[in-house]
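Here is a structure to question. Each call below is set against its criterion.

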Amino acid sequence: MNLLEALLELLIVVIAIVSLVGNLLVLLCFTCSAGVRAQVPGIFIMNLSFCNILIAVLNMPSTLLGVVKRQKPFGDYFCYTVSFMDTFLTTNTMLSMAALSIDRWIAVVFPLTYSSKMRHKDAVLIVSYAWLHSLAFSLTALLLSWVDYNPAYASCTVHLAEEGGRGQFMVFTVVFHAATFALSLFILCFTYLKVLQVARFHCKRIDVITVQTILLLVDIHPSVKQRCLLEQKKRRQRSTKKICIFIGSFILCFAPYVITRLTELVPSVKIDHYWGIVSKCLVYSKAASDPFVYSLLRQQYKKALNGVCNRILGRRSYMLSSNSSPSDTDGGRKMTDTLGSMHLL
């Protein structure tokens with residue numbers, strides 16, 4: 001084992017731990033907070049976190065063992081199952097991110113009709129479509145025996161073991177990535193750019209009001225004026241920064257792997273083993289970053305986590321007080337008996 005392989009193994013372990021802990025915290029917030037459950041985006045986030053947890057439990061350990069052993073980590077049937085889940089879960093996570101962007105687009109562009117256009121049952125229908133969409137491609141690959149261990153990625157994933165059906169496999173691969181990565185990226189760009197356009201429009205209106213207020217208040221202190229202008233600048237940058245994170249993280253994590261899978265369709269191209277593993281790790285890193293990008297850094301999820309922590313700490317303090325109360329009672333009884341005997345003396 002060389003240094004690069006050791007670093008890749010450590011990277012997979014860290015990504016798996018962060019992904020598992022982060023997504024479990026998201027599900028904990030969803031189950032313990034009525035406010036989170038009441039919001040429609042919570043359904044999409046729950047579906048996304050559930051898929052990410054399965055990726056961390058099934059696919060990441062499989063890739064880790066593939067890197068360590070340099071061969072198929074499990075038997076054939078288990079590898080087929082992991083390959084099926086790899087296609088299904090990756091597709092489902094991409095479509096869940098697209099669904100979240102559609103929800104934000106409707107909420108920002110059509111705020112007055114959001115409650116009627118995006119209801120809980122609508123969100124359930126969108127999630128159901130994501131499952132059927134993912135199931136269609138994963139079942140196709142399984143039925144056509146295009147699931148196996150791929151040494152270029154040290155993973156059980158979509159792989160053409162025999163050269164006989166190469167033409168069909170090329171068509172499937174192109175259609176698969178077009179209907180998952182390209183479709184999701186198009187939806188992300190369209191919806192979030194519309195959201196950014198509306199956000200900038202509102203920022204300009206607020207900026208005009210701020211400037212007019214500053215001009216009317218002649219006696220305003222320079223520090224207050226500077227603070228207003230600074231807040232005005234931060235407001236313009238905040239929406240742009242968030243949207244760049246949403247779209248940029250999607251492209252950074254998925255694009256290298258998708259481009260690599262399309263490039264290897266050319267018979268003369270051979271994918272480097274280490275680059276294949278790195279591109280797969282980038283896909284896994286999206287599962288680790290999603291809890292922080294979409295939920296845990298939001299104020300409502302922070303409040304939910306604080307509420308859970310307060311419940312746990314409150315129960316512990318109650319348990320400690322209940323455990324210490326019998327001894328305190330016994331001590332009080334002994335003190336009372338002693339004082340009574342001294343009184344009698």
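Buried means under 20% relative accessible area. The model discussed here is predicted.

Q: Why is Arg261 called buried?
A: Its relative accessible area is 5%. The cut-off is under 20%. Arg261 therefore counts as buried.

Q: What makes Arg261 and Glu264 a salt bridge?
A: Their closest N and O atoms are 2.6 Å apart. The limit is 4 Å, from a side-chain nitrogen of Lys or Arg to a carboxyl oxygen of Asp or Glu. The pair therefore qualifies as a salt bridge.

Q: Is Glu264 buried or exposed?
A: Glu264 has a relative accessible area of 17%. That falls under the 20% cut-off, so Glu264 is buried. Elsewhere, salt bridges that share partners join Lys72, Asp76 and Asp148 into one network.

Q: Why does His177 count as buried?
A: His177 is at 9% relative accessibility. Under 20% is buried, so the label holds. The residue lies in helix α7, residues 166-216.

Q: Which residues is His177 in contact with, leaving aside its neighbours within four places in sequence?
A: They are Ala182, Val258, Arg261 and Leu262. Arg261 is the buried arginine that pairs with Glu264.

Q: How do you know that the span of α1 agrees with its number of residues?
A: Helix α1 covers residues 3-32, which is 30 residues. At 1.5 Å a residue, these should span 44 Å. The end C-alpha atoms are 43 Å apart, so the two values agree.

Q: What caps the N-terminal end of α1?
A: Asn2 does. A side-chain oxygen of Asn2 lies 3.4 Å from the backbone nitrogen of Leu4. The polar-contact limit is 3.5 Å, so this distance falls within it.

Q: Which residues of α1 are buried?
A: Among them are Glu5, Leu8, Glu9, Ile12, Ile15, Ala16 and Ser19. Residues three or four places apart in an α-helix point the same way, because there are 3.6 residues a turn.

Q: How do you know that the span of α3 agrees with expectation?
A: The 29 residues of α3 should span 42 Å at 1.5 Å a residue. The end C-alpha atoms are 41 Å apart, which agrees. Even so, α3 bends by about 35° at Ala56. Arg70 follows α3 and has a positive phi, near 60°.

Q: What makes the pair Asp86 and Lys280 a salt bridge?
A: The closest N and O atoms are 2.9 Å apart. The limit is 4 Å, so the pair qualifies. Asp86 sits in helix α4 and Lys280 in helix α9, 194 residues apart. Both Asp86 and Lys280 are buried. The whole structure holds eight salt bridges.

Q: Why is Arg119 called partly exposed?
A: Its relative accessible area is 35%. Partly exposed lies between 20% and 50%, so the term fits. Arg119 forms a salt bridge with Asp122, at 3.1 Å between the closest N and O atoms. Asp122 has a relative accessible area of 16%, so this partner is buried.

Q: Which residues have the most contacts inside the largest nonpolar core?
A: They are Phe44, Phe181, Tyr192, Phe250, Phe254 and Tyr294, in a core of 42 residues. Helix α8 gives the most to this core, with eight residues. Another core lies apart from it, with 23 residues, including Leu8, Ile12, Ile55 and Val67.

Notes:
Residues are numbered from 1 along each chain as its sequence is written. This is a predicted model: local features need pLDDT of at least 70, side-chain atom pairs count only at pLDDT 80 or more; totals for chains, interfaces and linings use all residues. Side-chain values use heavy atoms; hydrogens and water are left out. Helices (H or I, at least four residues) and strands (E, at least two) are DSSP runs, numbered from the N terminus. The expected span of a helix is 1.5 Å times one less than its number of residues. Buried means under 20% relative accessible area, exposed over 50%, partly exposed in between (1.4 Å probe, protein chains only). A polar contact is a pair of N or O atoms within 3.5 Å; within protein, one must be able to donate a hydrogen and the other to accept it, and residues adjacent in sequence count only if both atoms are side-chain atoms. Contact means heavy atoms within 4.5 Å. A nonpolar core is a set of buried Ala, Val, Leu, Ile, Met, Phe, Trp, Tyr and Cys residues joined through side-chain atoms within 4.5 Å. The bend at a residue is the angle between axes fitted to the seven residues ending there and the seven starting there.
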